[in-house]
Amino acid sequence: MASTPEALVKKKIRKILDEAGVYYAMPIGSGYGNSGVPDFLACAGGKFIAIEAKAGKGKTTALQESHLSRIRGAGGTAVVINEDNLAELSGILHVIKIDGTNPSNYRLFERAQEADTAGSGPKIKRRGTKA
C-alpha cells in the first residue's frame with residue numbers, strides 16, 4: 001500500500017522526534033472531540049510542543065489554526081511542518097533541549113508554505129528580531 005505524501009512527512013517527523021528522545025503521542029481525530037488537534041503532541045525538555053504535519057502546499061484548516069493558536073496562547077510551541085522545513089523541527093528541539101530556552105520565545109512561521117524569497121523555507125527567530 002502506497003503512503004500518502006502527508007504520511008511520509010509524519011514518518012520523517014516521527015524519526016526526528018525518536019532520534020531526539022522526545023516523548024510524543026499522535027491523537028486520532030474523530031467526531032468525538034479530537035477534530036483539529038495537531039498530528040503530534042510532544043514534550044521535550046519539559047516543554048509542550050504541538051506539530052501539525054502538511055505535505056506540499058497543504059494548508060491548515062480554520063479549526064487546526066484555532067488549536068495551534070490556543071496552544072501558543074497557553075505558552076506551548078505550535079508549528080506546522082512540511083517536507084520543506086523538516087530541519088526547522090530539529091532546530092526547535094535543539095533550542096528547547098540543549099539551550100534550555102523557553103520555546104515561547106521562539107516561533108516558526110505558522111504556515112509552512114510561507115517560504116522566504118530564497119525558497120529556503122521558514123526560519124526560527126527570536127520574537128522582536130529579524131530572521
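Biologist: With which residue does E6 form a salt bridge, and how far apart are the closest N and O atoms?

Modeller: A salt bridge is a side-chain nitrogen of Lys or Arg within 4 Å of a carboxyl oxygen of Asp or Glu. Here E6 forms one with K10, and the closest N and O atoms are 3.6 Å apart. Please note that this is a predicted model, in which local features need pLDDT of at least 70 and side-chain atom pairs count only at pLDDT 80 or more, while totals for chains, interfaces and linings use all residues. Residues are numbered from 1 along each chain as its sequence is written, and side-chain values use heavy atoms, with hydrogens and water left out.

Biologist: How many salt bridges does a search of the whole structure find?

Modeller: The search finds four. Among them is the pair of E19 and K15, whose closest N and O atoms are 3.8 Å apart.

Biologist: Why are E19 and K15 separated by about one helical turn?

Modeller: An α-helix has 3.6 residues a turn, so residues three or four places apart point the same way. Helices are DSSP runs of H or I with at least four residues, strands are runs of E with at least two, and both are numbered from the N terminus. E19 and K15 are four residues apart in helix 1, and therefore about one helical turn separates them. E6 and K10 are also four residues apart in helix 1, with about one turn between them.

Biologist: Does K10 reach any other part of the chain, and if so, which residue is its salt-bridge partner there?

Modeller: K10 also forms a salt bridge with D39, again with the closest N and O atoms 3.6 Å apart. This pair links distant parts of the chain, since K10 is in helix 1 and D39 is in the loop between strand 1 and strand 2, 29 residues apart.

Biologist: Are K10 and D39 buried or exposed?

Modeller: Buried means under 20% relative accessible area, exposed means over 50%, and partly exposed lies in between, using a 1.4 Å probe and protein chains only. By this scale both K10 and D39 are buried. E6, at 25% relative accessibility, is partly exposed. E19 is exposed at 61%, as is K15 at 52%. Salt bridges that share partners join E6, K10 and D39 into one network.

Biologist: Which residues of helix 1 are buried?

Modeller: They are V9, K10, I13, I16 and L17. Seen down the helix axis, these buried residues fall within an arc of 120°, so they line one face of helix 1; the arc is that of the directions from the axis to the C-beta atoms. On the other side, K11, K15 and E19 are exposed. Contact means heavy atoms within 4.5 Å. The cover over the buried residues includes strand 1 (23–25), strand 2 (40–44), strand 3 (47–53), strand 4 (77–81) and helix 3 (86–97).

Biologist: In what order do the strands form the sheet?

Modeller: Two strands pair if DSSP finds at least two bridges between them. Four strands form an open sheet in the order 1-2-3-4, with mixed pairing. Strand 1 and strand 4 stand at the edges with a single partner strand each, so one side of each has no neighbour in the sheet. From one strand to the next, the twist averages 25°.

Biologist: How many bridges join each pair, beginning with strand 1 and strand 2?

Modeller: Strand 1 and strand 2 pair in the antiparallel sense over three bridges, and Y23 stands opposite C43 in strand 2. Strand 2 and strand 3 run antiparallel, joined by five bridges. In their hairpin, which has two residues between the strands, G45 takes a positive phi near 55°. Strand 3 and strand 4 run parallel, with five bridges; V79 in strand 4 is the bridge partner of I51. Helix 2 packs on the sheet, touching strand 3 and strand 4, and its direction makes about 145° with that of strand 4. Such axes are lines fitted to C-alpha atoms, for helices over the stretch in contact, and angles run from 0 to 180 degrees between N-to-C directions.

Biologist: Which side chains of strand 2 point to the buried face?

Modeller: F40, A42 and A44 point to one face and are buried, whereas L41 and C43 point to the other and are not.
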